[in-house]
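Here are my notes on the model you sent over. I went through the domains, then the chain pairing, then the salt bridges.

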Protein chains: 2
Amino acid sequence: MATAGAGAAAATLRAWGAHVAGLETFESPDGKIALLKLTTSDGIEGWGQFGNKDVDLTVEIFHRRVAPAAMGALVRDPAALVERIVGFELNYKQLGVQLSKALAGLDAAVWDACGKFAQCTVCELLCARPLSAFPVYASSISRKIAPQDLADEMARLKQTHGVRAFKVKAGKRMQGLLARGQDPKSKQEDQWPGRTAAVLRAVREAVGPECELMVDANGAYPSPATDSTDGAFVDGVCKMLREYGVSFFEEPFFWCDYDAYRHLRDREGRAGLPVAGGEQEFRMDVWRAGLPLDIYQPDFGYAGGPSSILQIAQFARRDGRRFVPHSPQGDLHVVYALHVASALSDPQLDRIELACVDDGLCQVFIDTNGTVTSMPQITGTPLRLKHGHLDLEPQCHGWGVEIDPVWLRADGVKSRVFDAKEATSKRSNL
Amino acid sequence: MATAGAGAAAATLRAWGAHVAGLETFESPDGKIALLKLTTSDGIEGWGQFGNKDVDLTVEIFHRRVAPAAMGALVRDPAALVERIVGFELNYKQLGVQLSKALAGLDAAVWDACGKFAQCTVCELLCARPLSAFPVYASSISRKIAPQDLADEMARLKQTHGVRAFKVKAGKRMQGLLARGQDPKSKQEDQWPGRTAAVLRAVREAVGPECELMVDANGAYPSPATDSTDGAFVDGVCKMLREYGVSFFEEPFFWCDYDAYRHLRDREGRAGLPVAGGEQEFRMDVWRAGLPLDIYQPDFGYAGGPSSILQIAQFARRDGRRFVPHSPQGDLHVVYALHVASALSDPQLDRIELACVDDGLCQVFIDTNGTVTSMPQITGTPLRLKHGHLDLEPQCHGWGVEIDPVWLRADGVKSRVFDAKEATSKRSNL
């Protein structure tokens, strides 16, 4: 799956001898989003989105350490391209989410260019089938919204747009690490005392027993392997989640405290509450070794791009896990998720995430017709939410979306063309 | 070991209520080295060195994501400080070697301040014993030096300075990844055909059979788990290394391809060639799980600072592994290594690395009296190599070295005082 499949388009691609001839980046003024335009030696343009957050650093690392190795490389083989970049000079001493976010933009742009050369969508390149609409779950990414307002919004998404699955935030972000050693029953446990239970009660009542309800804790809870209650505290949280019929418990602990996850799964047993995670896991060697999680949720940006996501999907299948990549923002990452979801031929990926609860923090907006827009709006509006499914009407080959020239020329958007001499002068290799 | 020990100095420290009140960074003009000056609320100054390479990015990440969480924190508990920083805002989505390098400078500065408050060296703080001279092994970090020139230099280090252990480079950097799928017997195998054997022959002849000889391949070889020769190629390399009496084989494969390391150790068996690695491993969860290596070699900068190194020393003891932290450059990292080596009470750490072969690439120089200088020269010259031991005459408490004010004021050295408002404006947290 990590390279193009067996169809005619894939065969066309294997004969393509073009190389990477130009690279230009575009950063949003708020530092949240950055895009890459890749130009091939035969004039095809591919677009990719880098991993989000602090993108000025991602773009700098891209120009300094990724672009010099990408220039001149064959476009048709994304996996070989990543090896070429990690093996370039001393890049192997630079691993981390920042380098992965830089690789992600390149990888996505390469897939876009490949689709454009083969004159099909990336989905068709992967599986020789057209892109299809795909079920979403609606998630709230705020802990500030009042429980009843959140419940009302989720009921509206159910009634108006047919959404059948919902995710809410539990606990207080990263408190498991920050309050280590403190009594977990103290007020530190939650954003405000009783919030998690109040949210679950209100949302479950609003959406009814037939909808799927999930919970994301962002590392809120102390590790049951080491906490002062011998795990009884987290047992209590799990019991409450089960009472509200929660279908998975995402990131209960600091994401890479895998001992804690292993411990919880051992406590819960085979019929226990499924545990989800992996959004922040950027190391392919760690994914390859398998994670103590029931649901794998790699992020398109942090994990290094669509090629990594496709490889992690294989690991999920190997390990018998559900696979729900992280792509909530309504930006290009959710477009990538749609292609990957359509291309996977088995039910391991059953829903993709869309953070579509408008609570002031959320960047995704859905009008009464189901048209999805995200801020910043980097494409037209080809995404539609209908009957609980997200649908993309392809505007072009590749990822099927055209980058909006209005956004590219907007005030404050920084563009930067790769300059080999400048990049070399900035690398310190001893 | 990761916190101060049981002596009187440690007791003094536990009563210290000062917090972090000021942070200022200093970058060398060539981007290779950066230092941190930490000022406590009661006026003590602690100095620390960040992880090396591309330090402009490390310093930017420090100011943006580490310093805001460090300001106001208690100085006396380095471990709690790291948790506070990783749990700050969305820093847990920023893990990688860059963040670890930024944490390393802070951690080292905190230990320096703690020693200065307790009026002793860090070594004394850790184990209530004074700093002692410690055996080094001399390593060459170049693949360009002619084998006979390298052998002559190593013989001189043996005769003049009593060095009894030597490490040389094998193969071609990162070729295991870059040439994946190619025939490993092709010329790609080595820097130039036959170089590795020529170096081993010349150096073994020059230093005699009684000296320890080690090899570092920087990921030169293909994984025996997946290569086209079913591992026969790497078996041949190991056979050659054994013939020259090599005592360990460092980083034969891409450093985080742990499957390859596991495979090699399985092939070699219990009496086989010991395998070393871990220099680039910056993830404490991965260290905690244990690595398929006979010798653990964490880097003071990449692993997150002296506190991480002390914790990894505990993992090495738990796992029954040798422990040889990476600190070749003759800068503050080798000073930290001396304190840690003196503080560890068992023979798991038997030698520290010093890249003291002057081959044009190396930054460490040793004059005929054994005085060690490194470029850039950020301290006076308190380090001496004598009878194969590196000795530090402490100039002050803490790490025992004063930062040279001449270096701090040198042309091109960039200093930057932490500015909370600027840092906040640069973080993009959605």
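1. One term before anything else: a polar contact here is a pair of N or O atoms within 3.5 Å, where, within protein, one must be able to donate a hydrogen and the other to accept it. Residues adjacent in sequence count only if both atoms are side-chain atoms. With that rule, 10 residue pairs are in polar contact across the interface of domain 1 of chain A and domain 2 of chain A, both partners at pLDDT 80 or more. Keep in mind that this is a predicted model.

2. Now the domains themselves. Chain A splits into domain 1, made of 8-125 plus 404-426, and domain 2, covering 129-392. The contact draws 27 residues from domain 1 of chain A and 26 residues from domain 2 of chain A. Measuring over C-alpha atoms, the centres of the two domains of chain A are 28 Å apart.

3. What sort of contact is it? Between them, domain 1 and domain 2 of chain A bury about 2,000 Å², with 61% of that on carbon and sulfur atoms. How many salt bridges are there between domain 1 of chain A and domain 2 of chain A? The count is zero, so to speak of what does cross the interface, go back to the 10 residue pairs in polar contact.

4. On the domain 1 side of that contact in chain A, the elements giving two or more residues are β3 (45-49), α4 (97-118) and α5 (122-127). The most comes from α4(A), with eight residues. By residue class, this side of domain 1 of chain A has 13 nonpolar, eight polar and six charged residues.

5. On to the chain pairing. Here 54 residues of chain B are in contact with 54 residues of chain A. Chains B and A bury about 4,500 Å² between them, 57% of it on carbon and sulfur atoms.

6. Which charged and polar pairs does the rule find between the chains? There are 10 salt bridges across the interface of chain B and chain A, along with 18 residue pairs in polar contact, both at pLDDT 80 or more. One salt bridge to look at joins the side chains of B:Glu279 and A:Lys93, at 2.7 Å from N to O.

7. Six helices of chain B give two or more residues to the side that touches chain A: α2 (55-70), α3 (78-86), α4 (97-118), α7 (175-178), α10 (258-268) and α11 (284-289). The largest share, six residues, comes from α2(B). This side of chain B divides into 20 nonpolar, 11 polar and 23 charged residues.

8. Symmetry next. A turn of 180° with a shift of 0.0 Å along the axis lays chain B on chain A with an RMSD of 0.0 Å, and the two copies are thus related as by a two-fold rotation axis. In chain B, the C-alpha nearest the axis belongs to B:Gly96, at 1.7 Å. The copies meet through the same surface, because 100% of the interface residues of chain B are also interface residues in chain A.

9. Last, the wider salt-bridge picture. Over all chains, the whole structure holds 56 salt bridges. One of them pairs A:Glu24 with A:Lys37, whose closest N and O atoms are 3.7 Å apart. A:Glu24 sits in strand β1 (residues 20-27) of chain A and A:Lys37 in strand β2 (residues 34-40) of chain A, so this pair ties together parts that are 13 residues apart in sequence.

Methods: Residues numbered from 1 in each chain as written. Chains lettered and ligands numbered in written order. Predicted model: local features only at pLDDT ≥ 70, side-chain atom pairs only at ≥ 80, totals over all residues. Heavy atoms only, no water. Domains from an automatic or database assignment. Contact = heavy atoms within 4.5 Å. Buried area = accessible area lost by both parts, 1.4 Å probe. Salt bridge = Lys/Arg side-chain N within 4 Å of Asp/Glu carboxyl O. Helix = DSSP H or I, 4+ residues; strand = E, 2+ residues; numbered from the N terminus. Nonpolar A, V, L, I, M, F, W, Y, C, P; charged D, E, K, R; others polar. Least-squares fit on C-alpha atoms with pLDDT ≥ 70 in both.
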